Amino acid sequence: MSNKDIDRSELAKWDRGFTAWATRLMAPVINRYFRAEVRGLENFPPTGGVLVVSNHSGGMLTPDALVLVPAFYDRFGYGRPMYMLAHYGVFFTPLRGYLSRFGVVHANRENAAKALQSQAVVLVYPGGDYDAYRPTLSANVIDFEGRTGYARLAIETGVPIVPVVSIGGQETQLFLTRGNRLAKRMGLHRIRLDILPLSAGLPFGVTTFFPANMPLPAKIVDQVLEPIDVRQFGENPDVHEVDAHVRSVMQAALDRLAKERRFPLLG
């Protein structure tokens, strides 16, 4: 694939100058509000395409990417973009033009493969909304709902997987239920919605996707883990074996972070 082909895609909308400006503007606010801490940034391979796989937390106003992405740029600079794969619904907002300039692209295999082949870093949250709205009682569980597309992508492109685990986002409000059964009965799958969650917070009390409650200032800690080379699984890696290994590594790391945590919100 030539650079010309890549330039015709969504990837060309990434704006290095705008990204630098936006991260410098947002990072101090996000880091102070959530007392954000990102560990293990040295585990990022310095060159080549990298697939970053993380758990997703915090519901509609999840701070996940706003914690990890600025930390990445602060450590490595802006010479190498980090693209974020996002659900198509994210682009139905007045901010869609700014999101594209910041590196947010539609979550599809074509965009991800092109980005990885261009030596960029790609951030994916396989669990999506299903993960971000997991009930508070399951806050420290890695659950991708059986989605293995990220593992297949890593196998096809030959790039390493860098797992990142995050804790604290699920303490920004009380997550009551995903509402899977209700969503199914209402036929929401027709509009690509598999959940109809209920959460409780301020200022709106119990709500679903909208209106979105203001996240509480829980301490958020991200841990970047060592890269996983899919070639260790043989010449023809099994997607499910790779996925199971990645999730087990992430779950063990999340368990360690959970043991360090003394109090909800305070960390």
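Reader: In S8, which residue stands opposite Leu174?
Author: This is a predicted model, in which local features need pLDDT of at least 70 and side-chain atom pairs count only at pLDDT 80 or more, while totals for chains, interfaces and linings use all residues. Residues are numbered from 1 along each chain as its sequence is written, and side-chain values use heavy atoms, with hydrogens and water left out. Strands are DSSP runs (E, at least two residues), numbered from the N terminus, and S7 pairs with strand S8 (residues 198–201) in the antiparallel sense over three bridges; two strands pair if DSSP finds at least two bridges between them. In S8, the residue opposite Leu174 is Ala200.

Reader: Which are the edge strands of the open sheet S7-S8-S9?
Author: The three strands of this open sheet follow the order S7-S8-S9, with antiparallel pairing. An edge strand here pairs on one side only, and this holds for S7 (174–177) and S9 (205–207).

Reader: By what angle are neighbouring strands of this sheet turned against each other on average?
Author: Axes are lines fitted to C-alpha atoms, and angles run from 0 to 180 degrees between N-to-C directions. With direction ignored, the average turn between neighbouring strands of this sheet is 25°.

Reader: How many residues of strand S6 are buried?
Author: Buried means under 20% relative accessible area (1.4 Å probe, protein chains only). On one side of S6, Ile161, Pro163, Val165 and Ile167 are buried, and on the other Val162, Val164 and Ser166 are too. For S6 (residues 161–167), the count of buried residues is seven of seven.

Reader: In S10, which residue stands opposite Ile167?
Author: S6 and strand S10 (residues 221–224) pair in the antiparallel sense over four bridges. Opposite Ile167 in S10 stands Val221.

Notes:
Buried < 20%, exposed > 50% of the residue type's maximum accessible area, 1.4 Å probe, protein only.
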